[in-house]
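Here are a few exercises to help you find your way around. Have a look at the sequence and the 3D view, then work through the steps.

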Amino acid sequence: MRTLIIATICFVSSVTMALGQESADTISYEAYPEAAQHEIATIIESFDEVENPFIATYLGSEFHDYFYFPFRGANGVYYDFSYRNNNLGEIPFGEFDAPYPELDAPENTTPGAKLVGGKFLIYWEYELSYVICCEGGQNSYPAWLPRISKIEHYKD
């Protein structure tokens, strides 16, 4: 009987992984500022219909008012995985990989900068994380958000 229960749990888990991720979100966001609620909802909505895994182009990480770790999906949707417990494997993503086109600065030569414009196969899952918000404020708000569980270079 125990073996049957374990096999059933493994089967259900594998079906869930194959069909996409469901959030185990039990946090009530109602006490958060509207801007934080909007940020969390926007992130979650962008993953409503995305495949798992999905192909995305790396746009280059940046730090302005907040840290950004952005990708653009083949569907045109913008995905930002900043402030998550991402599993990036051995790929040398950095904190300042974005090009400097509008600044009086030399070309970005970091190892991560060479990844900008490259395509990646992103596997993702929901995990307790947080968003930093609002209007330049550095307040963090816990939330169940998608994170990179595995990432690979994508070859056409």
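**Exercise 1: a residue in a loop**

Place N108 and work out whether it is buried or exposed.

Step 1. N108 sits in the loop between β5 (78-80) and β6 (119-133); strands are DSSP runs of E, at least two residues, numbered from the N terminus. This is a predicted model, where local features need pLDDT of at least 70, side-chain atom pairs count only at pLDDT 80 or more, and totals for chains, interfaces and linings use all residues. Residues are numbered from 1 along each chain as its sequence is written, and side-chain values use heavy atoms, with hydrogens and water left out.

Step 2. With a relative accessible area of 10%, N108 is buried (under 20%; exposed is over 50%, partly exposed in between, 1.4 Å probe, protein chains only).

Step 3. A polar atom of the N108 side chain lies 3.4 Å from the backbone oxygen of D97, and one lies 3.0 Å from the backbone oxygen of A98.

**Exercise 2: a residue in a helix**

Find where S46 is, and what its side chain reaches.

Step 1. S46 belongs to helix α2 (residues 34-46); helices are DSSP runs of H or I, at least four residues.

Step 2. Its relative accessibility is 17%, so S46 counts as buried.

Step 3. The S46 side chain reaches the backbone oxygen of I43 at 2.7 Å.

Step 4. Leaving out residues up to four places away in sequence, S46 touches V77, Y78 and Y79 (heavy atoms within 4.5 Å).

Notes:
A polar contact is a pair of N or O atoms within 3.5 Å; within protein, one must be able to donate a hydrogen and the other to accept it, and residues adjacent in sequence count only if both atoms are side-chain atoms.
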